[in-house]
Amino acid sequence: KLLMTNKFVEERMKEFGLKIVPGETTGNEYRQILLNNDLIKSINAEQITGRKMPSSYKIERNEGANELREIEFIKGEIVLIDDGLLADGTKIQIGTDITERKNKEKNLLRLEEAIEEAPLRMALFDENNRLVLANRDARERMAEVGFNMIPGITTDAERKKYLAENGIVKK
C-alpha cells in the first residue's frame with residue numbers, strides 16, 4: 001500500500017481527475033490508474049502489467065535492486081523514476097522531472113545532425129585550441145590529405161602546421 005505521497009503527486013493526479021489515497025492505494029493500483037487512463041505515452045508497461053506499449057524506455061539495475069526508468073506522460077512531461085528498497089523492505093519511489101533536460105538533449109542532437117550534414121567544412125575548437133567537433137566534410141577533406149581530426153586531441157595549431165608543412169596551404 002502507498003504509505004505517503006507529496007503534494008506535487010497529489011496535485012498532478014488531481015489535474016487528471018484522479019485521486020490516490022495513502023494507506024488505501026497500492027503501487028500497482030497507482031500504475032494501473034496511470035495506464036488505464038492513458039496518461040502515459042511511454043513506459044515499460046510490459047514489466048508492470050504484462051501489457052505491451054510502444055516505449056522509449058531505458059532501465060538500468062543498481063545495487064540494492066533499485067530500478068530507474070523514464071516515463072513520458074501524454075502532456076509531454078518526462079519523469080525519471082527511481083524505485084528503491086529501504087532496509088525494512090519498504091519501497092521508496094522518487095520522481096524527478098527531466099523534461100527540460102530531455103528537450104535540450106533532443107535539440108542538441110538536431111544541432112549535431114545539422115552540423116554533420118552541412119555542405120561545408122566545419123570545425124569547432126575550444127579555448128585551448130583542442131578540437132571539439134568536426135563535421136563529416138571537414139573530417140573527410142583532412143583525411144584525404146593524410147591528417148586525422150580527433151576530438152579532444154587534435155589542436156588547431158597542429159592542423160595548420162600540418163597543412164603548411166605538406167604544401168597544402170601557403171605558409
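This is a short walk through one pocket and a few salt bridges in a predicted model.

Okay, let's start with the second largest pocket. Its volume comes out at about 150 Å³. So which elements supply the lining? At least two residues each come from β6 (123-125), α5 (136-144) and α6 (156-165), and α5 gives the most, with three. By class, we have nine nonpolar residues, three charged ones and no polar ones in that lining. Among the names to look for are M122, F125, M142, L163 and I168, plus the arginines R121, R141 and R159.

Hang on to R141, since that residue also turns up in a salt bridge. Its side chain meets that of E144, 3.3 Å from N to O. Both sit in helix α5, three residues apart, about one turn of the helix. On accessibility, R141 counts as partly exposed because its relative value is 30%, while E144, at 62%, counts as exposed.

Staying with α5, what does R136 pair with? Its side chain forms a salt bridge with E117, 2.7 Å from N to O. R136 is in α5 and E117 in α4, so this pair ties together parts that are 19 residues apart in sequence. R136 has 32% relative accessibility and is therefore partly exposed; E117, at 51%, counts as exposed.

Over in α4, E100 and K104 meet in a salt bridge at 3.2 Å, N to O. They're four residues apart in that helix (residues 99-117), which means about one helical turn between them. Both are exposed.

Finally, the wider picture: the structure holds 11 salt bridges, and E70, R101, K102 and E105 are linked in a network of them.

How values were computed
Residues numbered from 1 in each chain as written. Predicted model: local features only at pLDDT ≥ 70, side-chain atom pairs only at ≥ 80, totals over all residues. Heavy atoms only, no water. 1 Å grid on protein atoms, 1.4 Å probe; cavity = no way out; pocket = protein on both sides within 12 Å on 5 of 7 lines; lining within 4 Å. Points joined across faces, edges and corners; volume = space filled by probe spheres on them. Nonpolar A, V, L, I, M, F, W, Y, C, P; charged D, E, K, R; others polar. Salt bridge = Lys/Arg side-chain N within 4 Å of Asp/Glu carboxyl O. Buried < 20%, exposed > 50% of the residue type's maximum accessible area, 1.4 Å probe, protein only.
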